[in-house]
Amino acid sequence: LDAVGHAFSTVANGGFSTHDASIGYYDIPVIEMICVFFMLIAAANFGLHFFAWRHRSVTHYFADSEFRALLTVAGLVTLVVTFYLLRAGVYEDTDRALVKALFQTVSIGTTAGFASADFAAWPGFVPVLLIFVSFIGGWHGTTEATMALSAHPAFAGSIGGGNVTKIPYPNPYRNPFGGSSERVTDQCLDF
């Protein structure tokens, strides 16, 4: 029953656990890495999943700039957190520090909500860095509770290849902004 509850929560990004200590209750690295895999899959654009299902291929995941950016950010932050945890002496074992850093980075970055360690007690800037990562962990077409990095004007051209398009809907019958304009739809969407 625990596995079913955690499986649904991992993919739905709710972070609900059947234990107060969340995934940390088990303290088993294999379980944490399985959760990391599914949290990353849940953080990917659902259009990629549809494409994989439709074409029976997963190669397009790594061709997608948004997914590569997600993996890059998660990888870089994980390395920084791992280094700092080892340097501060929080963990003496490199493997354990890497697993905890990866799990917390992905969980917080994708707003999945799981915990395997008390990251707020980690020293220095690490908790702040992880909170900052949570602002950019979501992508268009996902259930993440973050601001989509690919929608930000500074990144829209490079991450996602500018594939964030405005669908001409709703087509308003009455312009709520007064006057008439050919850009009424854009004005409504921007509002």
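**Close-up views of a predicted model**

**View 1. A nonpolar patch lies on the surface of this predicted model.** The patch is formed by I28, V30, I34, F37 and F38, which together have about 460 Å² of accessible area. One of these residues, V30, belongs to helix α2, which spans residues 29-43. V30 is classed as exposed because its relative accessible area is 54%, and the cut-off for an exposed residue is over 50%.

**View 2. D27 has a positive phi in a loop.** The residue sits between α1 (2-12) and α2. Its phi is about 50°, although D27 is not a glycine. Most residues other than glycine have a negative phi. With a relative accessibility of 37%, D27 counts as partly exposed.

**View 3. R56 also has a positive phi without being a glycine.** For R56, the angle is near 55°. The loop that holds R56 runs between α3 (46-55) and α4 (60-63). R56 counts as exposed, since its relative accessibility is 69%.

**View 4. Confidence varies among the elements of the chain.** The mean pLDDT is highest in helix α6 (residues 94-109), at 95, and lowest in helix α8 (residues 184-190), at 56. Over residues 159-173, the pLDDT is below 50. In the model, this stretch nevertheless has 29 contacts beyond near neighbours in sequence. Where pLDDT is low, the predicted coordinates should not be read in detail. For the chain, the average pLDDT is 77, and 68% of the residues score at least 70.

Methods
Residues numbered from 1 in each chain as written. Predicted model: local features only at pLDDT ≥ 70, side-chain atom pairs only at ≥ 80, totals over all residues. Heavy atoms only, no water. Patch = residues over 30% accessible without salt bridge, like charges linked within 9 Å, V, L, I, M, F, W, Y side chains within 5 Å. Areas by Shrake-Rupley, 256 points an atom, 1.4 Å probe, with all protein chains shown as cover. Salt bridge = Lys/Arg side-chain N within 4 Å of Asp/Glu carboxyl O. Helix = DSSP H or I, 4+ residues; strand = E, 2+ residues; numbered from the N terminus. Buried < 20%, exposed > 50% of the residue type's maximum accessible area, 1.4 Å probe, protein only. pLDDT = per-residue confidence, 0-100. Contact = heavy atoms within 4.5 Å.
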